[in-house]
Structure formats: structure tokens, C-alpha cells
Amino acid sequence: MKEFAADPIGFLWERYRKHGPIFKTNLGGPLVFMIGPEANRFVLRDHTEHFSWAQGWPKYVRLVWGDDVLVMKDGEEHRRFRQMFAPAFAHSTLTNIFEYVVDSADEYVESWIASKPDQFFYDAKTLVFEWMFSWLAGDIRRAGETRHVALKLFNDFTEIPQVRQGGWSPANFNTPESVALRRRKFGAKARLHQYFTSVAERARRQPEESVIGLLATQPVKGEDAPLTNDQIADHALLFLVTGADATAVAFTWAVYELYNHPEVRQRVREEVDRIVGNETITWKHVQQMNYLECYLKEIERMHPPLGGVRKVIEPFQFGGCTVPAGWQIRLAAIISHFLPEVFKDPERFDPDRFAAPREEDRRTPYSMIGFGAGHRQCTGKPLALVLMQAMIAKMVKDYDWVAPEGQDLTPTLYNRAVFVPKDMLRVRFSKRDRTGSGIALIEGRSSESAGLAKRPHSKSPRANEPASSTAN
Ligand code: HEM
């Protein structure tokens, strides 16, 4: 357990090399890791009847969410819930949020220029929270005092007491500090829930351009009754919490990798300049940006969350092993995405691997599982992509940034689910230098020499050597 917590990536590689695509371990309960495209396909598509998503959660998570939300459902009920909440990801809601991101981007980046973030991941978390809140309940800039209160409640709600306490043991779970944190967490949840309920109630009387407005007023396909305010508020909270960390992490790495690979940033910028010119960026523009799409796929490949979790409900055989019911299964995207037989030169940051004719992901189905795959694929994927496309295109068009030296950006497990740069990323923003390409700030660095963060499983010695930088 300690070994895994200290170095999860090294732990998994060592065992994968020794045992192959399936191996057991014990992280507080009997557990099997499954790795590689065949394993992913087995669990996510071909043999789903052996696994339960709902039962894979620890008891505490069930306590937080209750039984009546999408993530606590399996089988037919799960399919029904996906359908009930599908309108949240309709084209119209994504267009609205795309416009909000582009329209509000200057406000955020100007504030980062002034504040010089030392732990950018937390700024990204606030940013993503505000995006998602606006998507759910309407433009947060018009919410007055609620804007700050909602962020504070969100931070209280997403704090994980046991992790702060240093483990999941009952002793840690019941310390006075842990109990106080939990009380704050549930209090914050209740107040956010109440707020979303009131938005749904208001929307029934007076139409609102937001996801909650849509869910409150549209008939639900295949259902006799409309969604209740409680159901809407439960899922608004669920989407907010499941989506915010993962998207903030992906966005943090996206900002960093654009700095770390000047030639990639130059190509993204050329594409944005060519397609957008002097116009305001629209979703239509972004849909023509093939290189940006490949770039974001490379972020998904290089920086995935740890992967899917399932409980085995019927014994199964895979790779010569029999796994009994009651065990937990975990898919490790962080290893699957680096298999050299699937992804050529996997340590290299190379968005072109996703462009024709290479298309390495398509050549091997189920090789990429950053958003999961199959019927349980991340519901929020279209939203996460729209948010990142809008913000990255806008930032590349109008801003520059550097990551000053002396940082440790080794991927480190955060909240037991996602990998963040260890020092959370120090970054300095400035207006784009339109006298040149802006790339002058980092001239002379190739992508090979620029790497701040290398992975523990890299063949080369671990190297977190600082990048040269001229701005601080
Ligand atoms: C870059 C950002 C994101 C990443 C990498 C990500 C990744 C994932 C992964 C790996 C899963 C589990 C799939 C499985 O176990 O089979 C998942 C599920 C889920 N995600 Fe995301 N996610 C992201 C953003 C979002 C957003 C923005 C939302 C909400 C709007 C969201 C909501 C959900 C929900 C509700 C599920 C459960 C789906 C179900 O039970 O059917 N995610 N996500």
C-alpha cells in the first residue's frame, strides 16, 4: 500500500513487466489491475456482465451521493439515467458554454498576469468550477455575491477528509479533525444542492438559458414524469464534482505542454491564426482545427486519470487467471497509454501520431481510455473538450506564458484519482508578443531539451532538470 502511494506509476510498471496484463495486489482489499487494449476491451465492452460500476465505490462515496444518481446505477437503470440527463450535453448547451469561455477568457488570464500563479492547478480548478457552474446555472459573472460563496462551498465539498488525514483507516476517519471536515463537507453539499434546487424551481416559472433550465422544462425522452428538482440538483452537483478535477488537471497539463514544446505551440498558433484571423473564435472555427484536436488527444494519452474501477460480480478468466466475485478491478490508463507496441516512441510528446496516416489510436481499438470507453464512457467528454478547445485556442491566439525553472512536475497522484504536476505548476503569463511570434521567449529550446517532467518509467534516467526561461 505504502509502495503504491509513494510511486504508483513505478509500482504498476514493475508488476506489468513481471506479470503481464493482469496482476493482483492488495490496496486495502483484494484487487486486480488490468492493462492494455485487450484488457480494456474485455472490461469495457465484451464482458461487462461480469462487472458492476455502482458496487465499485467505497461506502463513503455512496454516503455522499446516495443511491439515486447515475454513477450508482448499473445495467438498464444506468442506461435510463444516461438518457434522462443527455440533454445536458446537447449542442445548444455546449455552444452557450463555448461562447462564455471565449467571452470571459481575458478576465481570467489578465488576473493570472497580475497574480503570477505559483500553484496554477488551483487557479485552473477555480476556472473550471466557474465554467461548469455557468454551464449548469447561467453566467456566474452575473451571480453577484453568490460567485464567491459558491466557490467556497465547492472547495469545502470537494475536500477529501480521509486523504487529508493520511489514510482511509477507521482511526483516521474518526479523528475530531476528520469529523469536522466531514461536517463541513456535508453542510456545503446541502447548501449547493439547495441553490441548484432554487434555480430549477425558478426555471419552471421563467425560462433560463442553462442546463438546469433545460432539464427543468424539457419533457424527458421515454419517461412519463419530468425530472424533479431534487434529481436535477443531485446531478448538477455530481457533474460539477466529477468533472471539475479531471478537467482542471487536463487543462493544467495542456498549458504546461504548450510551453514545454515550443514547436507544437507554434503549430497550434499557426492553425488558430489561419482559421480565425481577426474574428472572434467560434465553435465552428475550432471544429476545423485538426492539429488542436490531435494535440488534445496527446494530452489525454500522456496525462490520463488512473483509470476505471469495477467490482467483479461474476467470476471471469483473463490472461490465464481466474478472478473471483467480490474482487475489485482497476484499469490503468497511465500504463496502457505508454505501451510501445501500440504507441510509437511513447515517451515522446507527438500529436501527429493521431493524424492520418498514422492514427495510432484507431489502429488499436481500446488503446486510449482517458475518458473510458463503451457504454460507460465519460458523459462529460464533449463538455470537457469544448471547454479546453475554446480556452486553449483563445490563449494561444492572444497570450504567451513560461514555466520558471526549479519546479518538480513529476506526475503525482491527487485525490486518489488523477495525476497532477507535483509542484502544481508555477507559470507566468503575458500578452502575446505580436512583434515576433512570441516564441522568442523560449527560443533555442527543442522539445527534447525542454522537458521539465520525465516519467519514472522512461528509459532515460529520471530528469526534472529546469527549463531555461527569461520571465519570472
Ligand atoms: C478531461 C476531463 C475528464 C476526464 C479525463 C474524464 C474521465 C472520466 C473517466 C476515466 C471516467 C470513467 C469511465 C469508466 O470507468 O468506464 C469518467 C466517467 C464520468 N465522467 Fe468524466 N472525465 C472528464 C470530464 C468530465 C466532465 C466535465 C464531466 C461532467 C460534466 C464528467 C462526468 C462524468 C460522469 C458523470 C461519469 C460517469 C459516467 C457513467 O457512470 O456512465 N467528466 N470520466
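**Close-up views of a predicted model**

**View 1. Cys378 and the iron atom of the ligand.** In this predicted model, Cys378 is placed in the loop that runs between helix α18 (360-363) and helix α19. The SG atom of Cys378 lies 2.3 Å from the iron atom of the ligand, and Cys378 is the single donor that the protein supplies to this iron.

**View 2. The crossing of helices α7 and α19.** Helix α19, which spans residues 381-398, and helix α7, which spans residues 120-137, have axes that come within 12 Å of each other and cross at roughly 120 degrees. Because an angle of that value falls outside the ranges counted as roughly parallel, roughly antiparallel or roughly perpendicular, α7 is described as oblique to α19. The handedness of the crossing between α7 and α19 is right-handed.

**View 3. The residues between α7 and α19.** From α7, the contact is made by Leu127, Trp131, Met132 and Trp135, while α19 contributes Leu383, Leu387 and Met391. When the residues of this contact of α7 with α19 are divided by character, seven are nonpolar, whereas no polar and no charged residues take part.

**View 4. The chain as the setting for the close-ups.** The chain that holds these sites has 20 helices together with 11 strands, and of its 472 residues, 53% count as buried. Among the contacts in the chain with a separation of 6 or more, 72% are accounted for by residues that stand 24 or more positions apart.

Definitions and conventions: Residues numbered from 1 in each chain as written. Predicted model: local features only at pLDDT ≥ 70, side-chain atom pairs only at ≥ 80, totals over all residues. Heavy atoms only, no water. Axes fitted to C-alpha atoms, helices over the stretch in contact; angles between N-to-C directions. Helix = DSSP H or I, 4+ residues; strand = E, 2+ residues; numbered from the N terminus. Parallel < 35°, antiparallel > 145°, perpendicular 65-115°, else oblique. Left-handed = near helix turned anticlockwise from the far one by under 90°. Contact = heavy atoms within 4.5 Å. Nonpolar A, V, L, I, M, F, W, Y, C, P; charged D, E, K, R; others polar. Donors = N, O, S within 2.8 Å, 3.2 Å for Na, K, Ca; no water. Buried < 20%, exposed > 50% of the residue type's maximum accessible area, 1.4 Å probe, protein only.
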